[in-house]
Structures are given as C-alpha cells and as structure tokens.
Amino acid sequence: MQVTDDLIRGVVQQVLASMRNGTSPAVRSNGNGKAAKRGVFTDVESAIKAAGSAQQTFERRGLEDRRKAVACIRKICTEQAETLGREELEETKIGRLPHKIEKLRVIADRIPGVEFLKTEAFSGENGISLQEYAPFGLIGVITPVTHSLPTLACNAINMLAGGNAIVCNPHPSGARIACKGVHLFNEAIHKAIGIDNLITIIETPTLESAQAIFDHRDVKMLCVTGGPAVGRAALRSPKRAIVAGPGNPPVVVDETADLENAAKSIVIGGGYDNNLLCIGEKEVFAVVSIFNELMDAMTHHKAVRIDAKQIEALTRAAFVKDDKGKLLVHKDFIGQDPAVLAEKAGFKVPADTELLFGETDEANPFVDHEQMMPFVPFVRVKDVDTAIALAKKYEHGFGHTSIIHSRNIETITRMGREMDTTLFVQNGPSTAGLGSGGEGYLSFSIATPTGEGVTTPLTFTRQRRSTTVGSLRVL
Ligand code: NAD
C-alpha cells in the first residue's frame with residue numbers, strides 16, 4: 001500500500017475519533033479482555049461517529065479505493081460462502097443451506113459496483129456540463145432476517161461504490177452473522193485502504209436503536225429492507241428513505257402456457273430458501289382447462305401435492321390469531337423445510353421434497369398472506385381475466401413482483417400493465433427477475449413503495465452538475 005498524505009490524515013482522524021469514543025480502531029475491548037470485532041458497537045452514537053468519520057476520509061479518496069473496498073466484500077462472500085452460509089442458517093434457523101451459500105456466492109459478480117457510476121456529459125456551443133454521482137454520506141441500513149448477511153453485503157457494495165459509509169441495525173435474529181460479516185469486511189478493507197469502520201453495526205439491535213439511527217442528524221439517508229412495519233417507520237422519518245418492502249407475488253397460468261416449464265419454474269422460485277424470498281411465488285391462479293395437467297406437472301419436479309384434509313391441518317397449524325383476532329403467520333413455520341411443515345401438520349412427505357402444493361379456494365389464508373413457507377396454494381379459475389383480477393387483488397398493491405406463464409403476448413402485456421409491479425416475470429421462475437436464469441443485475445433490496453426498484457450504487461448517490469461556460473468543447 002502506498003503511504004500518502006490522505007492515508008496518514010485518515011488514520012489520524014480514525015484514531016482521534018475512536019479515542020473520543022473510548023475505542024481503538026484496531027482492537028477494542030468488549031469488556032471481557034478479548035479483542036472485540038471491528039465495526040461492531042454497543043451504542044448507536046459511537047457507531048455513527050465512527051462510520052461518519054470513516055466516510056469523510058473515504059469520500060476524499062479516489063475511485064480506486066472504492067473498487068478495492070468493494071472487492072474485499074466480494075472476495076469474503078465468495079471464499080467464505082460455505083462457512084458464513086452455514087452460520088447464518090444456524091443462527092436464523094430458517095431457509096436451506098445450499099441457498100444460503102448461493103446467496104453469498106452470487107455477490108461476487110451479480111451486484112453492481114463502481115462501474116455503474118457513469119458520468120453524463122452535455123456539449124454544445126455554450127461549453128460543456130458534466131453530471132456526476134456524489135455520495136450521500138452516512139446511510140442507516142436495516143436488514144431482514146430472511147437474508148441477513150447477503151442484504152448487508154449487497155447494500156455495502158452498492159453504498160461503498162457510491163462513496164458512502166453505513167451504520168446498520170440488523171434484525172435481532174440475524175445479528176450475530178451480520179456482526180461477523182461487518183468485522184471481516186472492515187478488517188479486509190482496513191488492510192486494503194487503511195480506513196476502519198466504513199461499515200458499523202449495532203451488536204444488540206432493538207427497535208429503539210433503529211429509531212435512534214432514523215432520528216440521528218448525521219445519518220443522511222435510510223435504506224430499510226423488511227415488512228410493512230419497518231417500511232412505515234422509515235417513511236415517517238424526514239430523511240430520504242429507500243424502502244424495500246413486502247410482497248405477495250402471484251402467479252398466473254393460462255391455457256397457452258408451457259405447463260412443464262411453468263411447473264418447474266414455480267418449484268424453483270417458490271422452493272428457493274423455503275420460500276423466504278420476497279419475490280418468491282406465493283400463490284397460483286390457473287385456468288380450469290389446464291389446471292389438472294399443471295397439478296400433475298408439478299409432481300415431476302419433486303413437489304408433493306397435499307389433499308384438502310392435509311391443507312386444512314397445515315392451515316390450522318401455520319396461522320395464529322393475535323389478541324384482536326387477526327390472523328398471523330406462525331413464526332415457527334416460516335422458512336421451514338416441506339417435510340418439517342408436513343410433520344408439524346401431522347403427515348409425512350419425503351425428506352427431499354422441494355415444495356408442497358395443493359388446491360385451495362381464494363379464501364384460504366395462504367393466498368392472502370405473505371406466508372414465507374414452502375407451501376403454495378393453487379386456485380382454479382374460469383379464465384385468464386379472473387386470474388389476473390385475483391392476482392391484482394392478492395398482491396395487495398405492494399407493487400412488488402408478479403409472474404405469468406403464457407404464450408399469448410396480448411395476455412402478457414395486459415397483465416404487465418394491470419399489475420404495475422416492480423418485477424414482472426414471464427415464463428420463468430421469479431428468481432429470473434433478479435438475473436438468475438434471466439438478464440439483469442441483482443440486489444437483495446428491491447425498493448418498491450419508494451420506487452427506486454432493484455437498487456444499485458446510483459440509488460445511493462446525489463446528482464451534481466458542473467458547468468463550464470464558453471470553453472472546453474474542443475470540436
Ligand atoms: P421484519 O419486518 O420483521 O424485519 C425487518 C427489519 O425491520 C428487522 O431488522 C427488524 O428488526 C426491523 N423492524 C421491524 N419493525 C420495525 C420498526 N417499527 N422500526 C424499526 N425497525 C423495525 O421482516 P423480516 O421477517 O426480517 O423480513 C421479511 C420481510 O421483508 C418480508 O415482508 C419480505 O417481503 C421483506 N423483504 C423485502 C425485500 C425487498 O427487496 N423488497 C427483501 C427482503 C425481504
């Protein structure tokens with residue numbers, strides 16, 4: 001590493017900041033004599049101060065240091081995917097190991113980095129203007145339990161590429177793996193560019209620590225990924241908030257569809273990580289003329305059909321009422337294997353079952369709720385217009401994801417317009433909408449109510465324009 005004035009200034013600032021916070025950037029004591037983790041803080045104020053100071057140093061560095069910082073995160077996620085994926089599963093106890101590992105591996109080449117920051121230029125007889133993307137500063141990040149470290153790593157790549165720093169309040173049930181990731185990322189970044197605490201995290205997160213981040217004047221922007229409550233909380237803040245909110249993705253299958261492909265796709269998307277993905281297939285509306293054939297095709301892809309009695313038992317077990325009588329998804333069922341769901345509902349299916357499915361009517365709570373478990377209800381409808389109308393109804397206006405299997409381009413176009421969702425996938429699994437078997441880049445934060453879509457480094461930047469009057473156009 002080359003020792004420059006900037007580097008020395010940065011290190012001095014870090015040391016001063018951590019002396020003020022009572023911490024040392026290299027080794028802090030967590031109170032039991034052991035070295036604490038880099039970037040992991042017990043209180044919000046210290047985490048914000050440390051990351052804020054790191055961001056100021058980082059902003060003065062060139063793009064090359066941003067590339068190096070981003071490369072550190074990609075490398076760790078790829079090389080340690082197996083260990084980190086396993087630890088995430090052990091802690092959160094939801095989802096499937098191969099998918100936990102894959103979600104970290106794909107971070108290497110599918111999440112956009114510094115290369116996404118393209119300068120726009122305007123040139124004419126009055127001179128030139130350059131439009132560029134500047135950092136926001138310190139960004140407050142909230143992550144979900146469904147992909148704790150992948151979301152944090154993906155946000156960190158996007159945000160550091162944009163020249164920002166991060167203070168994260170992780171989901172309490174995925175905080176240990178998030179803190180481990182932050183430590184590893186900071187350690188590697190410090191080694192590569194000499195800046196510590198570009199990513200800080202609250203070790204024991206609470207709703208109060210999230211609110212303190214939302215309210216802190218040094219936090220310039222928020223990015224929250226989660227369900228309706230956290231989205232509402234972020235939108236109440238006067239700061240700019242990027243909200244990656246909930247979904248309940250419906251699937252429409254019409255009489256022109258390739259049914260083998262439709263069945264295979266529903267199993268891939270709905271079964272992925274036991275249906276924890278916000279984009280994952282949650283309910284199917286299929287027209288009557290192909291309904292039975294589609295149900296048969298599902299069984300060719302390790303999906304197991306369950307009968308009305310079994311569905312009733314599963315529904316009774318998988319939903320609970322709150323004190324106001326409102327139905328809620330039972331926490332113990334979320335992200336569990338199909339065989340575990342079956343066992344909890346009193347029946348057995350083979351251990352390698354990818355997905356449970358069965359026929360229900362639209363009143364079944366599995367249709368209405370974002371259930372995040374590998375049972376997908378299939379509703380028989382008279383025609384594709386009814387299917388699209390029900391898809392719209394049960395997507396609840398989240399504007400998240402919808403899927404259709406059809407060879408009729410008029411029907412596809414009509415559904416796309418009608419649904420108005422951020423992701424609209426045709427003739428493939430939902431995961432294709434994020435570049436897995438489809439085209440396009442990936443993010444684990446799809447900003448739905450606030451409209452930024454699949455987030456990129458540009459999402460976390462401010463546009464600035466520099467205008468030169470009367471010169472520099474050399475033509
Ligand atoms: P969750 O809403 O329970 O928790 C998400 C995060 O918000 C956690 O860190 C939690 O501690 C925090 N939180 C919850 N209420 C809060 C409040 N009032 N104030 C501050 N923080 C609060 O969600 P989850 O179970 O972790 O994740 C699943 C949900 O996230 C699903 O609804 C899914 O669709 C959604 N999700 C969306 C995307 C997307 O890109 N749009 C990606 C992943 C998950």
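These notebook entries record what I looked up in the structure above.

**Basis**

I worked from a predicted model, in which local features need pLDDT of at least 70, side-chain atom pairs count only at pLDDT 80 or more, and totals for chains, interfaces and linings use all residues. Residues are numbered from 1 along each chain as its sequence is written, and side-chain values use heavy atoms, with hydrogens and water left out.

**Entry 1: the ligand**

I first listed the residues near the ligand, where near requires a heavy atom within 4 Å. There are 28 residues around the ligand, and Thr143, Val145, Gly227, Glu370 and Ile446 come nearest. I sorted this shell into 16 nonpolar residues, 11 polar and one charged. In this sorting, Ala, Val, Leu, Ile, Met, Phe, Trp, Tyr, Cys and Pro are nonpolar, Asp, Glu, Lys and Arg are charged, and the others, Gly among them, are polar.

I then looked up polar contacts, which are pairs of N or O atoms within 3.5 Å; within protein, one must be able to donate a hydrogen and the other to accept it, and residues adjacent in sequence count only if both atoms are side-chain atoms. A backbone N or O atom of Ile446 is 2.6 Å from an oxygen atom of the ligand. Polar backbone atoms of two further residues also face ligand oxygen: that of His171 at 3.3 Å, and that of Phe444 at 3.5 Å. On its own the ligand has 850 Å² of accessible area, of which the protein covers 86%; such areas come from the Shrake-Rupley method with a 1.4 Å probe, and for residues only the protein chains shown count as cover.

Two elements, α9 (207-215) and α10 (228-236), give two or more residues to the shell. The largest share, three residues, comes from α10. Helices (H or I, at least four residues) and strands (E, at least two) are DSSP runs, numbered from the N terminus.

**Entry 2: helix α11 and the loop after it**

Helix α11 covers residues 259-271, 13 in number, and spans 17 Å from its first C-alpha to its last, close to the expected 18 Å. The expected span is 1.5 Å times one less than the number of residues. At the start of α11, a side-chain oxygen of Asp258 comes within 3.3 Å of the backbone nitrogen of Glu260. Among the buried residues of α11 I noted Leu259, Ala262, Ile266 and Gly270; buried means under 20% relative accessible area, exposed over 50%, and partly exposed in between (1.4 Å probe, protein chains only).

Asp273 follows α11 and has a positive phi, near 50 degrees. Asn275, in the loop between α11 and β10 (283-287), has a phi near 65 degrees, positive in a residue other than glycine. Is Asn275 buried or exposed? Asn275 is buried, with a relative accessible area of 0%.

**Entry 3: strand β14 and its partners**

Strand β14 (residues 355-359) has four of its five residues buried. Two strands pair if DSSP finds at least two bridges between them. β14 pairs in the parallel sense with β11 (residues 303-305) over three bridges, and Ala303 stands opposite Leu355. Four bridges join β14 to the parallel strand β15 (residues 375-381), where Val376 stands opposite Phe357.

**Entry 4: two single residues**

I placed Asn158 in helix α7 (residues 148-161). Asn158 counts as buried at 0% relative accessibility, and a polar atom of its side chain lies 3.1 Å from the backbone oxygen of Pro112. By contrast, Glu79, in helix α3 (residues 63-79), is exposed, with a relative accessible area of 58%.
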